[in-house]
Structures are given as C-alpha cells and as structure tokens.
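Visitor: I've got a model open and a list of labels that people use about it. Can you walk me through what earns each one?

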Amino acid sequence: MAKIAVSWFAGIKGRYFFTRALKLRENDKLARSHRYMAIAASSGHVDACYELGCNYKTARGCIWSGSEALRWFKSAAASGQRDAQFELGLAHLTDHDTAWCIGSSARWATTFSERKGELIPLIFPEGIEKLKDDLEAFRWLRSSALLGKAEAMANLGWLQYRGIGCERDVGQAKQWFEAAANASISQAALGLAEVYGDKNTNFYDPEQRRSWLLKASELGNPSASYIIAKEISTANASNHEEVEHFLEVACRAHHAAACYDLGLLRFRRSRTQKAAEEAVELIRQAAKKGVAQASCTLGEIYIKGGVIPSDHREAAKWFKVASDAGLSNAHFNLACLYARGDGVVTDLRQAAKYFELSALAGHIIAAYNTAIFYRDGKGFERDLSKAILWFRKAGENNVVPAQVALGKLLSSDLPGMKDQREARLWLERASAAGDVEGQFVLARMMLLSQVGDDNTEILRLLHSAVAAGYYEAAIFILAAKYDHSLLDSLTQVSIECLEKSSEMGVVAAGNALAKELLRGENVKFDESRAIDILEVNAKFGDAAANFELGVFYCRRSHSPSDLGKGLAFYRRAAELGHVLGQYNAGLMLARGVGDTLNLEIGTGLLETAAKQGLKSASDALALLRQPSQGGQ
C-alpha cells in the first residue's frame, strides 16, 4: 500500500513539474524550465524524460551533452515513448566521439582521460556509446514506427531499402515509405521515387518515379528538387528557367550543392557587378557548407577577375580549402600560385608538393610539372628516376612537351640516362605530332648519331622546324654546317628564321643574327646593324648581348677606348651572371687591361666564375696567387 502511495505521489509530482516546465519554456525561461523538467523526469514522467533528452541534445536551458541526451531518451524509450525511440534510432545511425557525448567539457575531459584513463568511467559509470550500431538503430526506429511515428516510418523504409541493420527488403521498404508519405513526409516521397527508379526491382516505373520526385519537392525536400533540376538540365540544357526554379527551391532549403549550381548558373550569365556578386555569394555559401568544387570555383573566379575584381590572395585561400578536400584542380592551381609567388609567398617546396598531389590524382599537366621539379631539383631533391616516371606518365597521355623533355633527358650525358632507343621513340612521337622542338631534337640526334640515318629525313625535320620559326634549330644549323655539309641547303632559310625572330623581339635570335652579320659568311657583313641589334638587347639586360659587345670591342681595339668599352660590357655581363663575362672581366682587371689594375675586384670575379665550374678561371686564380719571382 505504501509503494502504491509513493508511486501515485511521484506521478502527481511529475505531471505538475512537467506542466510548469512547458509553461516556463513558452515564456522563454529556459534554464528554470530545464530544472523543472529534470524534477519531472526524475519522478518518472515519460514525456519529461524525452523533453529532458531534447534539452541536452539542443542545449536548451542547459549545457549540451550527447551522453545525457541518450540517457534520458533511453529512459523514455524503454517506457514506449515513440519520439524518444525515434531519437535513439537516429543517434545509433551515426558515430559519436567523446566530444559529442560530454559536450562543452569535451576538450579537457578527453585530454585528462587520455592521461589518467579513469575520468570517463567515473563520470559515466554506464559507459559512453561512441560507436554507431545499425542493429540498434533499426530496432528503435521500428519500435517508433509501429507506434505510428511517421518520421520513423520514413527512416525505417530507407534502412530496409538499403539493407542497413537488416536484410534488404524493397517491398517492405515501399510499404513504410507509403505509410509515411500519406503523412506528408517528404523523405518518404523521395524514398518512393528511389524505389520506382530502381531498375533491379519489379517496382520500376519511370512515370511513378517522376511523380514522387515532384511530390517530394512540393513537400519541401531539397534533394528531390535538386535531382529534378539536374535531370532537366541533362535532358534540355537550354531550359534554364525550369532548372533555376528547382535549384532555387532546393537552395532556399539550404541544399549546398544546389546553392553552388544556382550560383554558377547565375554567375555565368551575369552582366552587372551586382548580379555577379549575388551569384558569388551563393557559391561562397556552398563552399562554406563543404562543397569542394564551390571552393575551387571561387578560386578560379578571383584569379580571372572581370566583373568580380581579381584578388589572388582570396583565390589562394579558396584553392587551399578545395585542395584540403582533395580536388586535383585545386592542388594544381595552388601549386601554380606558390611557384609564381602569386597571392602567396613564393615557395617552390609547396609548389612541388601540390603539383605532385595533383599528379597523383591524375592531373596530366601536373605530372609534367612535377617531372620538371624533380629533374631540376627545385622544390624536391633532384631525382631523375622520378622525373622520368612523371615525364612518362604525361607523355603517355599525349603531353607533347613531356615527350620532348623525356627524349632529351634519356639521350643526355647525365648518369644512367643513355637510352638512345627509348629517347628516339619519344622524340619521334612528338615530331609526328608536329612539335617543332621535337623535330629539331630528333634531327640533331640523327645527325650526330653516325648510324647512317636518312639525310633526306634529317633535312626535312630541320627545315620543318626552322620554317615554323624555331630559331634554336636555325642557330644549330648555322653552327653545325661547317662539320656537316648537307646542312648548306638550309643556310638561307635559317638566316630568314633569325631575321623574323629578331624582328619579333626574340633576344637570342637577335644575338645569333648579329654574330652572323659580324662574321659575314652566311649573310652580308654589316657591322653597324650587328652592333645596333646587340646594343638594344644589352639595354634590356641581356647578359649574352653584353658579352658579345665585350668580345667585339676587345677584338676590334681600334683605339685604347675600345678596350675600356669591351671591359665595361664584360663587367655588365658579369653582373648579369654570365660566367665567361665574369672570367674575361676578372682577367682584364687583374692585369690592368682596359682600366686601372684592380686585383681585388678582378680576383673576386674570377672566384665567382670558378665557383660555377669554369676551369680556366680556377687556373687563372692559381697563377695570380703564385709568389712573385721578381728580383731573383
């Protein structure tokens, strides 16, 4: 009798505090409402247990705590409260970590527990449910569905359709979807569209699928609206109005991918800055919600500029976000920015890193760039085997410059590189694709190989390269013709190539033409024109032009001032990094030729040339440092 009285009193107490808690919540007195709800729940009021769980789940009047939410949901669910059963089912569908269970105290609690190992069991003696459990999810959702919870029916339908926590049963899933759809649950309508669109079942019916997709969209399901928009776009790309309508419906319901597609659609047709900015804001919203392609698109927009002003720092920021999400194009674009120091500080290590990440994800141009970084030892330690690997990858995918680079590398004198057969195969492939550098390198290899190659083919390749304006082939022909008389027939076309390239501002071609004008063998001697060409190039800071002017004046020596002019040009070439300019200027200063003797500066220039591997500079330094034999 005493137990009945206690139970009766607890029930009265629970109902009283539950009612008071609800009224306090209506008046936005959430903290006090939570305290009253806790009293009601502790008195065994089932609905109060559920509401208390909701409080902890949403931090309504209390500190958020997933573990406490689960505890009270369990208490209510065990007494048959269908909403609590539904919440338990959903909770078991996803994995939860300590932070979710503990709430705002997660950081210190997790750290402390890792050190001491005892905290969590003390706070939660019954343990923390951290791992998702599909079987438990199915059990609780089924219980809730059987008690008439429409949302549980929809979720149960999806579990049975996909075979999560149970055997797959499309027929049973369809029944649950239908029951929930009758209660206007949009997710159930989408489920029916999925069932009727499944060609592997007896329920396949495209018309029914379309009907239920539209119904799900009408009920506010953003995924359904997005699917409809994508299907309309695929069937009729010009039907922008209808596509935009469904994207907008989905976007208003915060569908991230729909926000991106809608923003992109509007950006592409924007004609004013205001329209473009509104479109970009939609793309930004999608990016902030985790749509990686949206982040990459933002980067591209800020790189290109136009209606939206370019902002390379902003571009780098969004490319980094997209790169962190694993997008190959974002890796590539970020690498380009690091390589150029564009929007970020120049960092060849970072550039190399992101080029390789992009290459590993299948970006072919990134594979080519990665090979260059490994070949040149920039951003990576030099590794020719890896350079070959990436050049091959790009070359196999018809990146012609990679084929040429691979041919040149394999035919070089670098250690382990002599593979003329494979080198020739790659160069032939590039040449057949019409690449003028490939044609030139292949012809040069054939000419110098001395294996009886067809001279006609050599001349054809060289003529093709020179006629296309490849001035390096012209320079080679004019230098090699003295050892290979068959090249005589290409003299005139080579001079014409240098003339055209020089007129177009190609400095190296101009320098080569000037040398020919001074030599007067392949073209009429014209000292005045040659010097004019070299002086223009020298003024623009070309080291080779300054060096050639130094050679000209020192050789001419019509007057003492010629040597001074020659030395001045040598010194300018030396400042620009020309190793022979450093050697010649150093030697002249050390000997007092063309200017007052200056052993300190002369020695310094010779030392700089010697550090770059010029043996004659080392020999000159050795002679200068020998003890004087005078007076002996």
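**What earns each label**

Visitor: Before we start, what kind of model is this?
Guide: It's a predicted model. Keep that in mind as we go.

Visitor: OK, D261. Why is D261 called buried?
Guide: Its relative accessibility is 16%. Buried means under 20%, so D261 gets the label.

Visitor: What makes D261 and K230 a salt bridge?
Guide: Their side chains come to 3.1 Å, N to O. The rule asks for a Lys or Arg nitrogen within 4 Å of an Asp or Glu carboxyl oxygen, so the pair passes. It also links distant parts of the chain, with D261 in helix 16 (residues 256-269) and K230 in helix 14 (residues 222-235), 31 residues apart.

Visitor: And why is K230 called partly exposed?
Guide: K230 has 39% relative accessibility. Partly exposed is the range between under 20% and over 50%, so K230 belongs there.

Visitor: How many salt bridges are there by this rule?
Guide: The count comes to 33 salt bridges.

Visitor: How do you know that R266 and E244 make one?
Guide: Same kind of check: the N to O distance is 2.7 Å, and the cut-off is within 4 Å. R266 sits in helix 16 and E244 in helix 15 (residues 240-252), so this pair, 22 residues apart, links distant parts of the chain too. E244 is buried because its relative accessible area is 12%, under the 20% limit. R266, at 24%, counts as partly exposed.

Visitor: Which residues are linked with those two in a network?
Guide: E244, E248, R266 and R269 are linked in a network of salt bridges.

Visitor: What about E281 and R284, where do they lie?
Guide: Both lie in helix 17 (residues 273-288), three residues apart, about one turn of the helix. An α-helix has 3.6 residues a turn, so residues three or four places apart point the same way. The side chains of E281 and R284 meet at 3.0 Å, N to O, in a salt bridge. At 15%, R284 counts as buried, while E281, at 34%, counts as partly exposed.

Visitor: Now helix 12. What makes helix 12 largely enclosed by the rest of the structure?
Guide: Helix 12 (residues 186-196) has 11 residues, and nine of them are buried, so the description follows. Among the buried ones are L190, L192, V195 and Y196.

Visitor: Which helices do the buried residues of helix 12 pack against?
Guide: They pack against helix 10, helix 11 (170-181), helix 13 (206-218) and helix 14.

Visitor: Which residues have the most contacts inside the largest nonpolar core?
Guide: F177, F391, F440 and L462. That core has 140 residues, and helix 10 (residues 150-162) gives the most to it, with eight. In soluble globular proteins, nonpolar side chains tend to be buried together.

Visitor: What is L462 in contact with, leaving aside its neighbours within four places in sequence?
Guide: L462 is in contact with F440, A443, I477, L487 and L490. There's also a second, separate core of 25 residues, which includes F17, C54, A69 and A84.

Visitor: Where is T491, and is T491 buried or exposed?
Guide: T491 is in helix 29 (residues 491-503). Its relative accessibility is 10%, so T491 counts as buried. Leaving aside neighbours within four places in sequence, T491 is in contact with L478, K481 and N522.

Visitor: At what angle do helix 35 and helix 36 pack?
Guide: Helix 35 (residues 599-611) and helix 36 (residues 615-624) pack at about 145°, with their axes 8 Å apart. Their crossing is left-handed. Residues that meet there include L599 and L606 from helix 35, and A617 and L621 from helix 36. The contact residues divide into eight nonpolar, two polar and one charged.

Visitor: Last one: why is D28 called exposed?
Guide: D28 has 65% relative accessibility. Exposed means over 50%, so D28 qualifies. D28 is in the loop between helix 1 (2-26) and helix 2 (30-42), and has a positive phi of about 65° although it is not a glycine. H254, in the loop between helix 15 and helix 16, also has a positive phi of about 65° without being a glycine. H254 is exposed as well, because its relative accessible area is 61%.

Definitions and conventions: Residues numbered from 1 in each chain as written. Predicted model: local features only at pLDDT ≥ 70, side-chain atom pairs only at ≥ 80, totals over all residues. Heavy atoms only, no water. Helix = DSSP H or I, 4+ residues; strand = E, 2+ residues; numbered from the N terminus. Buried < 20%, exposed > 50% of the residue type's maximum accessible area, 1.4 Å probe, protein only. Axes fitted to C-alpha atoms, helices over the stretch in contact; angles between N-to-C directions. Left-handed = near helix turned anticlockwise from the far one by under 90°. Contact = heavy atoms within 4.5 Å. Nonpolar A, V, L, I, M, F, W, Y, C, P; charged D, E, K, R; others polar. Core = buried A, V, L, I, M, F, W, Y, C linked by side-chain atoms within 4.5 Å.
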